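Thanks, everyone. I'll keep this short: one structure, a few side chains, then the overall picture.

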Amino acid sequence: MMKKKMILALALTVASLAVPALAQTSTWKADKAHSEVDFKIRHLAVSNVNGRFSLGDATVIYNDKDITRTTVTATIDVNSISTGEPARDGHLKSADFFDVAKYPTATFVSKSISKQDGNLVMVGDFTLHGITRSIHLLVDGPTKPVAGPDSKTHIGFSATGTINRQDYGLTWSKNTATGEAMVGDDVKLSIDLDLVKQ
C-alpha cells in the first residue's frame, strides 16, 4: 500500500511540473501581408538581381523560457517570385529554373537553434525544387511584443543566410563572350516575419 502511495505521489509531482513546462510555449502564425522572403543573386558577375517570394504559411512554437527550444515551420510560394521584370520572372518559373508547375512550393523545418556570439543560429531542412538540404540562418529577434490594429499581439523576427542554387538542381547558366556565367551560384536570403499570437 505504501509503495502505491509513493508511486501516486511521484506521478502527481511529475504532472505538476509538466503543467508549467507546457505553459512556457505559445503558438504564433505569420501575418502573410507583412512577411516575405527576399533574395539576391549576381548577374554577369557585375550586378545583383533582387527578388522576393510571398510566404505561404509559417508557424512558430515559441518557448518563452528557452528560445533554443523554439521550432519553426514555413512554406514559400515559389510561383509568387517577383524580380520586377515579367519576362525574367517567367523564365525563372520555367523548367530551366524553379519549374513551378512541378514544384510550386518550398518548405523549411527547423532542427535546432543555438546561441553563438550573442546571435541566434537556426539550422533546418530547406526543400526547394524537390531537393532537401540543411541550411544555417542567422536570426535576429524577437522584437518587443506590440498590439496590432487587429487587437492581437505581434512580434517580429528576421533571418539571413546563403544557399548555393546548384545544390538544389538549379543548374541553368549561359556563359557570355567573356566566359562569365549569366547567373551566379550563391543566393543570399533575407527573411522577415511578422508573427501573430494565436
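Let me start with what I count as an aromatic pair. Two rings of Phe, Tyr or Trp pair if their centres lie within 6.5 Å, and for Trp that is the six-membered ring. Planes under 30 degrees apart are stacked, over 60 they are edge-to-face, and the rest are tilted. By this rule there are 5 aromatic pairs. Keep in mind that this is a predicted model.

Take Phe 39 and Phe 53. Their centres are 5.3 Å apart, with 40° between the planes, and the pair is tilted. Where do these two sit in the chain? Phe 39 is in strand β2 and Phe 53 in strand β3, 14 residues apart, and the pair links distant parts of the chain. Phe 39 is at 9% relative accessibility, so it counts as buried. Phe 53 is buried too, with a relative accessible area of 9%.

Now a second pair, Phe 97 and Trp 172. Here the ring centres are 5.2 Å apart and the planes meet at 55°, so this pair is tilted. This pair also links distant parts of the chain, with the two positions 75 residues apart. Phe 97 is in the loop between α2 (86-93) and β5 (105-116). Trp 172 is in the loop between β9 and β10. Are they buried or exposed? Both Phe 97 and Trp 172 are buried.

One more point on rings. Phe 39, Phe 53 and Phe 98 form one aromatic cluster.

Next, a charged residue: Arg 165. It lies in the loop between β9 (153-164) and β10 (183-197). Buried or exposed? Its relative accessible area is 4%, and buried means under 20%, so Arg 165 is buried. What does its side chain meet? A polar atom of the Arg 165 side chain lies 2.6 Å from the backbone oxygen of Leu 170. Now the contacts, leaving aside neighbours within four places in sequence. Arg 165 touches Ile 41, Phe 97, Leu 170, Thr 171, Trp 172, Ser 173, Val 183, Gly 184, Asp 185 and Val 187. Note two names on that list: Phe 97 and Trp 172. Those are the partners in the second ring pair.

On to salt bridges. How many does the structure hold? It holds 5. I'll go through some of them.

Asp 57 and Lys 32 meet through their side chains, at 3.6 Å from N to O. The pair links distant parts of the chain, 25 residues apart. Asp 57 is in strand β3 (residues 47-63), while Lys 32 is in the loop between β1 (25-30) and β2 (36-43). Asp 57 is partly exposed, at 49% relative accessible area. Lys 32 is partly exposed as well, at 44%.

Then Arg 52 and Glu 36. Their closest N and O atoms are 3.2 Å apart. Arg 52 is in strand β3 and Glu 36 in strand β2, 16 residues apart, so to speak a link between distant parts of the chain. Arg 52 is partly exposed, with a relative accessible area of 32%. Glu 36 is partly exposed, with 23%. Strands β2 and β3 also hold the first ring pair, Phe 39 and Phe 53.

Another salt bridge joins Arg 69 and Asp 66, at 3.3 Å from N to O. Arg 69 counts as exposed, at 62% relative accessibility. Asp 66 counts as partly exposed, at 26%.

Now the overall picture. The secondary structure comes to 2 helices and 10 strands. From the N terminus, the order is α-β-β-β-β-α-β-β-β-β-β-β. The protein has 198 residues, and buried residues make up 35% of them. The accessible surface is about 11,800 Å², with 56% of it belonging to carbon and sulfur atoms. Among contacts with a separation of 6 or more, residues 24 or more positions apart account for 55%.

Last, confidence. Mean pLDDT is 89, and 86% of residues reach 70 or more. Where does the pLDDT stay under 50? Over residues 2-22. For that stretch the model has 0 contacts beyond four places in sequence.

That's the tour. Thanks.

Terms used
Residues numbered from 1 in each chain as written. Predicted model: local features only at pLDDT ≥ 70, side-chain atom pairs only at ≥ 80, totals over all residues. Heavy atoms only, no water. Helix = DSSP H or I, 4+ residues; strand = E, 2+ residues; numbered from the N terminus. Buried < 20%, exposed > 50% of the residue type's maximum accessible area, 1.4 Å probe, protein only. Polar contact = N/O pair within 3.5 Å; in protein donor to acceptor, adjacent residues only side chain to side chain. Contact = heavy atoms within 4.5 Å. Salt bridge = Lys/Arg side-chain N within 4 Å of Asp/Glu carboxyl O. pLDDT = per-residue confidence, 0-100. Areas by Shrake-Rupley, 256 points an atom, 1.4 Å probe, with all protein chains shown as cover.
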